[in-house]
Each structure stands twice: as C-alpha cells, then as structure tokens.
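Biologist: Got a minute to go through this model with me? I'd like to talk about a helix, the pockets and the salt bridges.

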Amino acid sequence: MPTILGQNQYGKAENRVVKITRDGDTHHIKDLNVSVALSGDLDDVHYNGSNANCLPTDTTKNTCFAFAKEHGIDSAEQYGIHLARHFVDSQPSIHRARIRIEEYSWERISGSDANAKFIGADEVMHSFVRKGQETRVAQITYDGKSFEVLSGLKDLTVLNSTNSEFWGYIKDKYTTLKEDYDRILATSLSTWWRHNWTSDEQRMPQWEKSYDQAKKHILQAFVETYSLSLQQTLYQMGSRVINNRSEIDEIRFSAPNKHHFRQDLSPFGLDNDAKDGAVYLAADRPYGLIEATILRDGAEQRIPVDMTNL
C-alpha cells in the first residue's frame, strides 16, 4: 500500500542560551531554553534523503546564540520574533518557523555592607539566585506573512487556605467525597495566552510589562475570588486578564487540583475542624485536572488544547 508524507518539522531543541548584559558594575541576566522547529519544502529529504532544502539543525543552534549577541534579549517574545523572521525570510525552502522558549528567572543576591566592600563597590550587582516561583514560556510562529505570539507560564503554585467550598455536585453509588464548606484550594498553574499582535503594521506590545501585568491579574483574581469550584476560579482569572490587557485575546489554563484532605483525628480524641486550624494530608496524585479557555468576545480560539493538558 503506498504511503505519503504528512506534517513534518525539524530543528534543534532545548538550546540553553544565557546572555549577560553589563551596565557598568550592574549586570543583567537572561536565561532561556530555546527550541526551533522548521517546516516547508522538505519532501525530498524524507523521500530521497536529499538535503538540498535542509538547513542543518546545528546552524539553527548557532543562530540562537549569535542572535542573542547581535540583537540582545529584551524579552523572550522579541528574541523569538527575530529568530522566526530570520529562518523564514532567509531560506526559500522554509515556510514556517516555530520558536518555543522557556525563561528561567533570577533575582539579585545582596551581600552584607561589610562583605560588599571587598570588591571595591558599595553594592553587589552581579550575584543572583534562581527564582523558584514559575517558569515563563513563549512560543512565536511565523509563516512569512504573519506572526502568532503566545506567552505564558508553568508551575506557578498557589494556595488559598480558606474562602473555598465544594458542594452540590452529582452523587451516585460510587461517590464517597464529602461536601466541604471550608477547604484549601491549591493548584499549580500552567497557562498560555495569545496576543492579538500579528505584524509590524501594528503597535508591538511591551512584552515584559505585558507578562508582568498578566501574571498580576491572574494572582489578584485568585486572591479575590470566593471559590465554589476551581472552574469558577479559572474563569475569573482569565476574565481578569482579558478585561485588563487589550493586547490579549485568549488565555488557556491547565490547573491540577492540589488536593488537601483534612485528616480524621477522632481515633486520637482530637477534633480537626477547619475553623480551628486543621491538619491536612497533601496528596500529589491522583488529582483533578481542570482546564479551560477564556476568550475575548468575538475572538477565535487558537491555542491548542494539547499545549497544556495530559
């Protein structure tokens, strides 16, 4: 039976690009994990082994490092736009480039006043500690005509120790879960949001500010929502971002429910009520996995569901 070639792409994955920018004694660090995927006129390399239209993956790796030096890294999004544009516009055989980036954040370590003096400076500005809060992500796709820029984060763990309930759900003969009117709500968020900027004809967003503000609105909505379900909380977080950030048209969440089960301490003669400050078992698996996309009215859903789910 004859076969034909379907969707295909290639590139160099997980290039660890670290750029140090020196502003006198003050240093700045950008720490990225960059994956390149290219597609286009690549039938011959699959059917016949001809590499005539194939840009080596080693070249894509080298380009990632060279562009970090030539163009700098103002933001993951801006850096990805430079790369995607270059691969498509410079190679006739490449019609689409997807740049996927993880960014690892660092914050400065401050030395004591006494210890800072030994290097002859009033303040240490070149020492960093890796932040553990979340990993920033970005994906830039370019087809020679328009861009699609997705930003987001993963592994942002949040917890409310009250102001969360779960009751009124379907109950059948297999249901053992008890209704809870004062529970811990915790999750580790993964989310992507899509910008409505698609070309140089539009005003480009301030990528760093956009990310910081989107994260701020997500967290504020988590804090300020009295939650009757994690689904309700996700919708409120997404709505807060859409309503406050005009450059964002779509946001998708994947939220594993980090279950905290109140332990039965009655065999030991102890009450364990939430109102008195309870003791919980933090269970890592299995877990409820709640996912949702929130859109600006009239916007098209474009973020693939498999970018976040299991």
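Modeller: Sure, one term before the helix: buried means under 20% relative accessible area, exposed means over 50%, and partly exposed is in between, with a 1.4 Å probe and protein chains only. This is a predicted model, where local features need pLDDT of at least 70, side-chain atom pairs count only at pLDDT 80 or more, and totals for chains, interfaces and linings use all residues. Residues are numbered from 1 along each chain as its sequence is written, and side-chain values use heavy atoms, leaving out hydrogens and water.

Biologist: Which residues of α3 are buried?

Modeller: A76, E77, Q78, Y79, G80, I81, L83, A84, F87 and V88. Helices here are DSSP runs of H or I with at least four residues, strands are runs of E with at least two, and numbering starts at the N terminus.

Biologist: And how far does α3 reach from its first C-alpha to its last?

Modeller: α3 covers residues 76-90, so 15 residues, and reaches 21 Å, close to the 21 Å expected at 1.5 Å a residue. The expected span is 1.5 Å times one less than the number of residues.

Biologist: OK, pockets. How much space lies in the largest pocket?

Modeller: About 580 Å³. A pocket, on a 1 Å grid over the protein atoms alone, is an open set of points with protein on both sides within 12 Å along at least five of seven lines, and lining residues have an atom within 4 Å of a point. Points are joined across faces, edges and corners, and the volume is the space filled by probe spheres set on them.

Biologist: Which residues lie nearest the centre of the largest pocket?

Modeller: L177, K178, D180, H260 and F261, out of 19 lining residues. β10 (260-262) and α6 (230-244) each supply at least two residues of that lining, and β10 gives the most, with three.

Biologist: What about the second largest pocket, how much space is in there?

Modeller: About 500 Å³. It is lined by 24 residues, with K30, E103, S105, W106 and E208 closest to the centre. Two or more lining residues come from each of β1 (15-23), β2 (26-40), β3 (94-104), β4 (106-108) and α5 (207-224). β2 has the largest share, five residues.

Biologist: How do the linings divide by class?

Modeller: The largest pocket has seven nonpolar, six polar and six charged residues. For the second largest pocket, the division is six nonpolar, six polar and twelve charged. Here Ala, Val, Leu, Ile, Met, Phe, Trp, Tyr, Cys and Pro count as nonpolar, Asp, Glu, Lys and Arg as charged, and the others, Gly among them, as polar.

Biologist: Switching topic: how many salt bridges does the count come to?

Modeller: The count is 20, taking a salt bridge as a side-chain nitrogen of Lys or Arg within 4 Å of a carboxyl oxygen of Asp or Glu. In one of them, the side chains of E102 and K154 meet at 2.5 Å, N to O. That pair links distant parts of the chain, with E102 in β3 and K154 in β7 (residues 147-160), 52 residues apart.

Biologist: Any other pair worth a look?

Modeller: E291 and R252 also meet in a salt bridge, at 4.0 Å, N to O. E291 sits in β12 (residues 289-295) and R252 in β9 (residues 248-256), 39 residues apart.

Biologist: Is R252 buried or exposed?

Modeller: R252 is buried, with a relative accessible area of 8%, whereas E291 counts as partly exposed at 27%.

Biologist: And R302 with E300?

Modeller: Their side chains meet in a salt bridge too, at 4.0 Å, N to O. R302 counts as partly exposed at 42% relative accessibility, and E300 counts as exposed at 52%.

Biologist: Which residues do shared partners join into one network?

Modeller: Salt bridges with shared partners join K30, E77, E103, R136 and E208.

Methods:
On a 1 Å grid over the protein atoms alone, a cavity is a set of points where a 1.4 Å probe fits but cannot get out, and a pocket is an open set with protein on both sides within 12 Å along at least five of seven lines; lining residues have an atom within 4 Å of a point.
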